[in-house]
Amino acid sequence: MIPRVHKRGKRTIGLLYYLYGPGTHEEHVDPHLVAAWDSFAPDPGRAPQATHGDLQQLLDQPVQALAASRRPAKHVWHLSVRAAPDDPILSDAQWGDIARRMVTATGIAPADDGAGCRWVAVRHADDHIHIVATLVREDGRRPRLNNDAGRAQAEARLIEAEYSLTRLNAGDGTAAKRPTSAERHKAEREGRDRTAREELREVVRRAAAGVQGEEEFFDRLAAAGLLIRKRVAPSGDLLGYKVALPDDRNEDEEPIYYSGSTLAPDLSLPRIRERWSPEYASAPNTDSPSEHLAGVSAPSGPASARRRATTAAWQAVLIIDHGPDAQVAAHIAAAGEVLDALAKTSAAHTRKELREAAATFERASRSHVRAERGHDRALRQAARDLVYSGPALGRGEDGATTAMAIDMAFFLVTAAANWHGKKEHAQQAAAARQAAEHLRAAYRSAAQQPMAVLYQRGRHLPQPLRARQVAHLRTAVPELAEHILAEPGWYALAATLADAEAAGHEPAALLAEAARRRELETAGSVSDVLVWRLRSMANLPADAQTVAVADDRVTDAPSHAPRPAAERSDQRRKGR
C-alpha cells in the first residue's frame, strides 16, 4: 500500500472538481465518498441534490471562521492511498476504514478528538482513494502534521499486515518518483509497455553510465533520440536540463518534458556532475593490470571490456565487504552504471534479463549514505569501456566473457544487498536481491554455450589427466571437493584446470586462491563460479573453443584414482 502526501493547495473546490470529474484521460469511474468527518456529509457523486460547492463550503467552514490574517496560506491537505497491483480489490467499507486510520495516524483527525480537521475520502477507481482535508481544526487551531508522510507510511505497513496485502518495504525518501495514474493510463491507451517517465529514466541512466563530462552526456542523450531543453543562467552557466520523448505530447501537441531530478534524485545535473572530477575526466583510458597477466592475452573489443569489468567488479566487492560507508555507497552507485552498460551492449538472448536487473538495481543505487565519488573510478571506467567497446556477440569470446562478467556482477550485487541489509535499507536490499535473480537468469542464458563446450572438453580429457585434476581439487579445497565432483559443472572445471596447467600455472594453488576470493554459499553452481574465476585470474580465453587441448602434456598418474561422482553417474546411465 502506497500513501503519498501531495503538495498543499489553496482551492478546495478545484481539487473536488478534479476528484469527482472524469480525470485527465477519462480514467475516473463512479467517484463517490467512502468516508468523511461527518457521516451526513453530502456526496456529489451519489446524491443527485448534492453539489461540489455544498461539500466545499462545509469543508472550508473552520477556515472561513478565522480572521483573514489567521488563515493558512495553503489550507488544503491531500493524501492519496494506492493498493499494490497484485492486491485484491477492496470494498468501500474497507477503504473507508483505511481512510479513517490514515487521518488518525497523520494527525488530521486524531482518535477520540472531536475537534479535529474536516476531511473526506473519495474513491474513483478500484485501487486507490484520495483524502482531502482542510488544515484548521474545529477549535480554530492548526493540526500537528510533523512527519505526516512518514506516519502515513508506518500506518500503511500495519494495514498491509492486517488486510493480508502486499508487504512493501519501508521507504527512506530516496526512491525515484512513481508514474502518476494519468501517465499509466496514457501508456495503456497508446500501447506502451512503460510510461514516458520510466522510459526516459532508463535512457538517461544509460547515457550517464561511465560518462566523463557534460558535453559527452548531452551527446549521448541526443544520440538516443531524446529532445533536450537546457536551463541556462544569465551568466551562461548551465543549471539543469529537461528531456522528452519525441512522440510523447500533450493536448496541444507539445513535447512533455521531464527534468532529470523528477526522473530520479541522482539524475539531476548537479548529482550527475558528482560522478566525474577534473582529474578523472582528463585521465587516459588505460587497461587494467589484469590484462597483462601471464597466459593468453585477452582479445580487444567487447571481450576485453568484459574482462576489465570482471576485474573491477571483484575489487568493488572487496570494498563493499570491508570499506568505509561513503566509499561503499560510491561503488554501489557505480555498480548500477556497469549493469546499465552491460544491458546496453549485450546480445539479444541476455538483454531482457540484464535490462530488468539494471532497472531493478536502480533502487539499490541510492540511500541516505552520501557517496564519496572518486573511489569508484575503476567501476565507472569499466562501464565506459563497455559502452565504447560496442555490442557484444552472443557467441565466441564475446559471449563467454559476457557470462564471466555476469557471474561476477551477481556477486557484486549480492554484496550490495548484504550491505544494505546490515544498514537496514529495506527497499534497497530487496531491490538488490531481486536484481541478483535477474542476473542468475541472464547468466544461465549467457553461459549455456561456453559451459557446454567446456563440459565436453572435460568429459573427453584422458583419464590420467582428469585424475590429476581431481587430485588438485582435493588438495586445494578439500571441504568442497565432494560437492564439486557431484556437480555437472565439474567437467568444465576440470578442463579449466587443465588449461591453467598448460599455461604454466600451478592448478592447486590457483584454485585455492580462487576459492578464497569470496564465499561460495550463494552460488547456484560452485564449479561454474570457480571456472570463471580461474579463467579470469589465469587470463585464459573465456571461450574454450579457442584453446588447444593440452592432452599431450599428460604425465603418469595413478590409474586407480577414484572417478568423480558425476562420471560414475554417467556410466550408470549408459549401463541401463
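**Sheets, a buried histidine and two helices**

In this predicted model, strand E7 pairs with strand E8 (residues 258–259) through two bridges, running antiparallel. Within that pairing, Lys242 has Ser259 of E8 as its bridge partner. E7 also pairs with strand E6 (residues 227–232), again in the antiparallel sense, this time over six bridges. Here Ile228 sits opposite Val243 of E7. E6 and E7 make a hairpin, with five residues in between, and Gly236 in the turn takes a positive phi of about 100 degrees. As for E7 itself, which spans residues 238–244, five of its seven residues are buried, so the strand is largely enclosed by the rest of the structure.

Turning to the five-stranded sheet, this one is open and antiparallel, with the strand order E1-E3-E5-E4-E2. E1 and E2 are the edges, each of them pairing on one side only. On average, neighbouring strands here are turned by 25 degrees against each other, leaving direction aside.

Strand E4 (residues 119–123) is worth a closer look. Five of its five residues are buried, so E4 is largely enclosed by the rest of the structure. Trp119, Ala121 and Arg123 point one way from the strand, while Val120 and Val122 point the other way, and all are buried. On one side, E4 pairs with E2 in the antiparallel sense over four bridges, with Leu33 and Val122 as bridge partners. E4 also pairs antiparallel with strand E5 (residues 128–134), over four bridges. In that pairing Trp119 is matched with Ala133 of E5, and Ala121 with Ile131 of E5. The link from E4 to E5 is a hairpin through four residues.

Next comes His32, which belongs to strand E2 (residues 32–36). The cut-off for a buried residue is under 20% relative accessible area, and His32, at 5% relative accessibility, therefore counts as buried. Its side chain makes two polar contacts with other side chains: one to Arg46 at 3.3 Å, and one to Asp92 at 2.9 Å. Leaving out residues up to four places away in sequence, the contacts of His32 are Tyr20, Asp43, Arg46, Asp92, Ala121, Val122 and Arg123. Ala121, Val122 and Arg123 in that set are among the buried residues of E4.

Two helices meet the sheet. Helix H3 lies across E1, E2, E3, E4 and E5, and runs at about 45 degrees to E2. Helix H4 packs on the sheet too, touching E1 and E3, and its direction makes about 165 degrees with that of E1. H4 (residues 148–163) is 16 residues long and covers 22 Å from its first C-alpha to its last, close to the 22 Å expected at 1.5 Å a residue. Buried positions in H4 are Asp148, Ala152, Glu155, Ala156, Arg157, Ile159 and Glu160. An α-helix has 3.6 residues a turn, so residues three or four places apart point the same way. The buried residues of H4 pack against strand E1 (2–5), strand E3 (76–82) and helix H3 (92–106). Right after H4 comes Ser164, with a positive phi near 55 degrees.

Note on methods:
Residues numbered from 1 in each chain as written. Predicted model: local features only at pLDDT ≥ 70, side-chain atom pairs only at ≥ 80, totals over all residues. Heavy atoms only, no water. Buried < 20%, exposed > 50% of the residue type's maximum accessible area, 1.4 Å probe, protein only. Pairing = 2+ DSSP bridges. Expected span 1.5 Å × (residues − 1). Contact = heavy atoms within 4.5 Å. Polar contact = N/O pair within 3.5 Å; in protein donor to acceptor, adjacent residues only side chain to side chain. Axes fitted to C-alpha atoms, helices over the stretch in contact; angles between N-to-C directions.
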